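These are my notebook entries on a two-part question: which side chains meet, and where. I begin with the aromatic rings and then turn to cores, charges and the contact between chains.

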Amino acid sequence: MVTSVSHSLFPENVFTRFHQALSPWLVERKTLLFSLAAYRTDEGQPWVLPVVKKVEQKIANDASLNHEYLPILGLPEFRANASRIVLGEDSRAIKENRVGGVQCLGGTGGLRIGAEFLRRWYNGTNNTATPVYISSPSWENHNSVFVNAGFKDIRAYRYWDAAKRGLDLEGLLEDMESAPEFSIFVLHACAHNPTGTDPTLEQWKQIAAVMKRRFLFPFFDSAYQGFASGCLDRDAWAVRYFVSEGFELFCAQSFSKNFGLYNERVGNLSVVGKDADNVQRVLSQMEKIVRTIWSNPPSQGARIVATTLTCPQLFAEWKDNVKTMADRVLLMRSELRARLQALGTPGTWNHITEQIGMFSFTGLNPKQVEYMIKEKHIYLMASGRINMCGLTTKNLDYVASSIHEAVTKFQ
Amino acid sequence: LGLSWWSHVEMGPPDPILGVTEAYKRDTNAKKMNLGVGAYRDDNGKPYVLNSIRKAEAQIAAKKMDKEYLPIAGLAEFNKASAELALGDTNEVIKSGRYVTVQTISGTGSLRVGASFLQRFFKYSRDVYLPKPSWGNHTPIFRDAGMQLHAYRYYDPKTCGFDFAGALDDISKIPEQSVILFHACAHNPTGVDPRPEQWKELAAVVKKRNLFAFFDMAYQGFASGDINRDSWAVRHFIEQGINVVLSQSYAKNMGLYGERVGAFSVICKDVDEAKRVESQLKILIRPMYSNPPINGARIATIILTSPDLRKEWLEEVKGMADRIIDMRNQLVANLKKEGSSHNWQHITDQIGMFCYTGLKPEQVERLTKEFSIYMTKDGRISVAGVTSGNVGYLARAIHQVSK
């Protein structure tokens, strides 16, 4: 995902421009990009999933396919299967026919359609005053999505505890207790961006209990299912738990990372309601919203995902590809931590392996980050967020020693 | 909480245009005709994937490119080629670089980005003037973006042609610095376009009233078969010193409907203004969908920038336009054969995918109920849905409901 920093040394999108303009140069000059939100192989290269190559070839060879408009809500096989992926094979909600999907342009598109719908129809009609709570910190585009959807009261809920480098559960729950009833909460389904810190299963249960009691609306952002732990079901646990607790919720799913389909813009907004009738009416209103933003979604990416999810062999292959990516990230985490501990780098580094997903909040402060960037040419975010995908077996030593230098030179 | 959050959510009405296709699909009559959606069909009534497109796709498949995010503004090569297609590559605007083009989600996405940009940065007015009638989706797009809609006279139901006098009259009274939208060619839904000398007068009054011109060009090449002829109005306005904004779609002229290929351009005072405008367009796009889909833009870029494929594409576009013109001629001929006493000349005078037949809602309803011919209530037919195989049936049906 294109990233920019809330309190940045650099203007917006400079990292994308660096990457695109200087890629070959970077590899040569050891200028290491740890700021992009895209997977890289151990050779530091983008990776088109083997299953995706296979399916694309299938699509290219299928002369019966054309480029006609998809329905407004998207490719039906994609929508149904995408929702099935996050809610589970044996989802009662799906069996009870109270789940709907809207194919959207990536996770961003799903968030935007969901936000536009909520602003129009949630907690009254056109109630722009409903508070929307976004974690502190969060993906920086969350704020923008809800503001542009018309919400006037965007608030932060406590999440990251910098001192203990972990989840501020107490602060989080307090903020939920004091939030006005019916407030909307944007929750990261797994692999929290940017901290990599997720609630434990027990903590999720506590969160759900408070949200239920206070009538808070859960809007899940699921951009890393499968990519976090390597297991689809495990990464969807929180969403499924909320559904089993009877919540009506939205879940904006992105297939950018777990399918590596970044530029095809494949996403699904899953809607879970009380019953089929409610879901039908919700979808009909979402159609109207979609119609004035993009009319109908792009077909290529949805075809790839639908084809993969509906063929057992391809599905198995995909899960395998996803696990490959997740495992590499997990390996890099443990290798980095081991090196820092071996070097005796001041501080504790278990958060590197306790955190999950693409990102890690290293805990480096602005001065240390500046050193990393200026002196060591390691481009991480000013917040200290590092993309673990930037790590390779070749650069682990260099990165570890650079962190060591930064931490010992600047406090 | 046994109650749903959504108990009060009303069932939305079916989309008037796309809803026609839904109804058509449900019909079991073998003779049914879908003259609703503006999607091109060949003479067998089948969707048409252009050969030039297939070749471009084969090239892409062979190249095995990565799937990395595009920039927010999209594929740079595409943006440049798109602007050049619209304005001509020797245009002073292109040469000086005093424009910005961003890739968008086809025409709708382009209009929405444009409307949102105006809502945020066009401080002179909230008012957007559309021709009457206009594409049904224009109004909700601009409204959802926060603009207010008005209309200027355009279609003359008496002549089934252009109400030039009415248009000039209305436009001359539009408050200065309002936004006025024009269909660059192949007006949707009427098929009625101003002639060049009429465009000149329209440009003059727009200039005089200091109106902000927003062009929607969804049919370049598809209208007359000639891309330069179809973009003449846009180029003329710019030549007259009017810095327009422009929406382009490649849905029809490249048959890339479901790939969602489009562009939004802003003609600026200078390069510096263009850069500033671009930065703001990106700020609008990011919270909508972050960055656009690549597949269709890659195809379009290869077509536009490969001499052989571009030539082949232009021939295919002309082929589509010619078939449409042929169907118009055949429809009129068949209506005469049926013995219709009405003047159907407007069917051949109009241009592009759509035709405003002049039929009333009750007649349209009869066409659907009695003949399984599906079209929008306003009497608009998509000529692309007419074939040499069904034009006779259509003529008979129209004659039956209008005699």
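**Entry 1: aromatic rings**

I looked up the aromatic clusters and found one formed by A:Phe117, A:Tyr122, A:Phe146, A:Phe151, A:Phe182, A:Phe215, A:Phe217, A:Phe219, A:Phe250, B:Trp5 and B:Trp6. The model is predicted, with pLDDT of at least 70 required for local features and 80 or more for side-chain atom pairs, while totals for chains, interfaces and linings use all residues. Residues are numbered from 1 along each chain as its sequence is written, chains are lettered from A and ligands numbered from 1 in the order in which they are written, and side-chain values use heavy atoms, leaving out hydrogens and water.

I paired rings of Phe, Tyr and Trp (its six-membered ring) with centres within 6.5 Å, calling planes under 30 degrees apart stacked, over 60 edge-to-face and the rest tilted. Over all chains the count comes to 56 aromatic pairs. B:Phe162 and B:Phe164 have ring centres 5.7 Å apart and planes at 40°, so I entered the pair as tilted. For burial I took under 20% relative accessible area as buried, over 50% as exposed and the range in between as partly exposed (1.4 Å probe, protein chains only). B:Phe162 is buried at 16%, and B:Phe164 counts as buried at 18%.

I next examined B:Tyr219 and B:Phe354, an edge-to-face pair with 6.3 Å from centre to centre and 90° between the planes. B:Tyr219 lies in the loop between strand 8 (212–217) and helix 9 (227–230) of chain B, and B:Phe354 in strand 11 (residues 354–356) of chain B, so the pair ties together parts 135 residues apart in sequence. Helices (H or I, at least four residues) and strands (E, at least two) are DSSP runs, numbered from the N terminus. Both B:Tyr219 and B:Phe354 are buried.

The ring of B:Phe354 also has the charged end of B:Arg380 over it, 3.7 Å from its centre. The criterion was NZ of Lys or CZ of Arg within 6 Å of the ring centre and within 35 degrees of the ring normal. In chain A, the charged end of A:Arg385 sits over the ring of A:Phe359, 3.7 Å from its centre.

**Entry 2: nonpolar cores**

I searched for nonpolar cores, that is, sets of buried Ala, Val, Leu, Ile, Met, Phe, Trp, Tyr and Cys residues joined through side-chain atoms within 4.5 Å. The largest has 140 residues, and those with the most contacts inside it are A:Phe219, A:Phe250, A:Leu269, B:Trp6 and B:Ile373. Its largest share, nine residues, comes from helix 13 (residues 307–338) of chain B. Apart from this core lies another, of 66 residues, including A:Leu75 and A:Ile304.

I listed the contacts of B:Ile373 (heavy atoms within 4.5 Å). Residues up to four places away in sequence aside, B:Ile373 touches B:Met33, B:Leu35, B:Leu367, B:Thr368, B:Tyr393, B:Leu394 and B:Ala397.

**Entry 3: salt bridges**

I counted a salt bridge where a side-chain nitrogen of Lys or Arg is within 4 Å of a carboxyl oxygen of Asp or Glu. The whole structure gives 42 over all chains. A:Glu177 and A:Arg213 form one of them, at 2.7 Å from N to O. A:Glu177 lies in helix 7 (residues 169–178) and A:Arg213 in helix 8 (residues 201–213), both of chain A, so the bridge ties together parts 36 residues apart in sequence.

In helix 13 of chain B, I found B:Lys318 bridged to B:Asp322, with the closest N and O atoms 2.9 Å apart. The two are four residues apart, about one helical turn. B:Lys318 is partly exposed at 39%, as is B:Asp322 at 34%.

**Entry 4: contact between chains**

How many residues does each chain bring to the contact? Chain B gives 64 and chain A 71. The buried area is the accessible area (1.4 Å probe) that two parts lose on being put together, summed over both. I noted about 5800 Å² between chain B and chain A, 55% of it from carbon and sulfur atoms. B:Trp6, B:Lys67 and B:Tyr69 supply 17% of the area that chain B buries against chain A, more than any other three residues.

Six salt bridges are counted between the chains. B:Glu68 and A:Arg40 meet in a salt bridge at 2.8 Å, N to O.
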